[in-house]
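Biologist: I am new to this structure and would like a close look at a single part of it, taken slowly. Please begin with one charged residue and work outwards to whatever surrounds it.

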Amino acid sequence: KSGHWQHYAENMFSFDVEKEKYALKPMNCPGHCIIFGHRPRSWRELPLRLADFGVLHRNELSGALSGLTRVRRMQQDDAHIFCTQDQIVEEIRGCLDFLRCVYGVLGFTYELELSTRPDKYLGEIEVWNDAEARLKQALDEFGEPWEINKG
């Protein structure tokens, strides 16, 4: 289980059906965790990269995602990489190189931010600290300017 229900249930559209709780898909993370965890995995299968372009539904306060408007339904292109901690820098560098290539071909510009651990986080603090340090390393090695987006 991803742990998202315990942290984000108040922002989800949920309802009861035959004494069971159901919810409209609010984010891709839990689904990707289910795909990853549906069977035992070997470290040899890592990294495992999953992408999703599905419709999401959220019951968030006005302004949470889009200025003064309230977002209820959106299309999100999203991806998750399941990897060892030692693979983080290489994987993120690969993502950044891909971003630079595609955006360059299309003539797009971009700004880079590293979003850090939120107040309501999942997992262990030591893992978060290590992952954030490795993400900073990947961004530094990429050579483009970036900023911290706290929490």
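Modeller: At 10% relative accessibility, glutamate 91 counts as buried, where buried means under 20% relative accessible area, exposed means over 50% and partly exposed lies in between, with a 1.4 Å probe and protein chains only. Before going further, please keep in mind that this is a predicted model, in which local features need pLDDT of at least 70 and side-chain atom pairs count only at pLDDT 80 or more, while totals for chains, interfaces and linings use all residues. Residues are numbered from 1 along each chain as its sequence is written, and side-chain values use heavy atoms, with hydrogens and water left out.

Glutamate 91 has a charged partner, for it forms a salt bridge with arginine 49, and the closest N and O atoms of the two are 2.8 Å apart; a salt bridge here is a side-chain nitrogen of Lys or Arg within 4 Å of a carboxyl oxygen of Asp or Glu. The pair links distant parts of the chain, since arginine 49 belongs to strand β3 and glutamate 91 to helix α3, 42 residues apart; helices (H or I, at least four residues) and strands (E, at least two) are DSSP runs numbered from the N terminus. While glutamate 91 is buried, arginine 49 is exposed, with a relative accessible area of 54%.

Glutamate 91 leads to the helix that holds it. The 19 residues of α3 should span 27 Å at 1.5 Å a residue, and the end C-alpha atoms are indeed 27 Å apart, which agrees; the expected span is 1.5 Å times one less than the number of residues. Along α3, the buried residues are Ile88, Val89, Glu91 and Leu96. Seen down the helix axis, these buried residues fall within an arc of 165 degrees, so they line one face of α3, the arc being that of the directions from the helix axis to the C-beta atoms. The face turned away from this buried side carries the exposed residues Glu90, Phe98, Gly104 and Val105. As for what covers the buried residues of α3, they pack against β3 (48-52), β6 (78-82), β7 and α4, with contact meaning heavy atoms within 4.5 Å. Just after α3 comes glycine 107, which takes a positive phi of about 75 degrees.

Helix α4 can be followed in the same way. At 1.5 Å a residue, the 18 residues of α4 (residues 125-142) should span 26 Å, and this agrees with the 26 Å between its end C-alpha atoms. Its buried residues are Ala131, Glu132, Ala138, Leu139 and Phe142. Viewed down the axis of α4, they fall within an arc of 120 degrees, so they too line one face of their helix. On the other side of α4, Glu126 and Asp140 are exposed. The buried residues of α4 pack against α3 (88-106), β7 (112-115) and β8 (146-149), and just after α4 glycine 143 takes a positive phi of about 90 degrees.

Besides this packing, a charged pair connects the two helices. Arginine 93 forms a salt bridge with glutamate 141, with the closest N and O atoms 3.8 Å apart. Because arginine 93 lies in helix α3 and glutamate 141 in helix α4, the pair ties together parts that are 48 residues apart in sequence. Both partners are partly exposed: arginine 93 has a relative accessible area of 24%, and glutamate 141 stands at 41% relative accessibility.

A further pair stays within α4, where the side chains of arginine 134 and aspartate 130 meet in a salt bridge of 2.7 Å, N to O. Being four residues apart in helix α4, these two are separated by about one helical turn. Arginine 134, at 21% relative accessibility, counts as partly exposed, and so does aspartate 130 at 23%. Elsewhere, salt bridges that share partners join Arg39, Arg41 and Glu45 into one network. In total, the structure holds ten salt bridges.

For a sense of distance, arginine 134 can be set beside arginine 58, which is 76 residues away in sequence and 31 Å away in space, C-alpha to C-alpha. Arginine 58 lies in the loop between β4 (55-57) and β5 (73-75), and at 14% relative accessibility it counts as buried.
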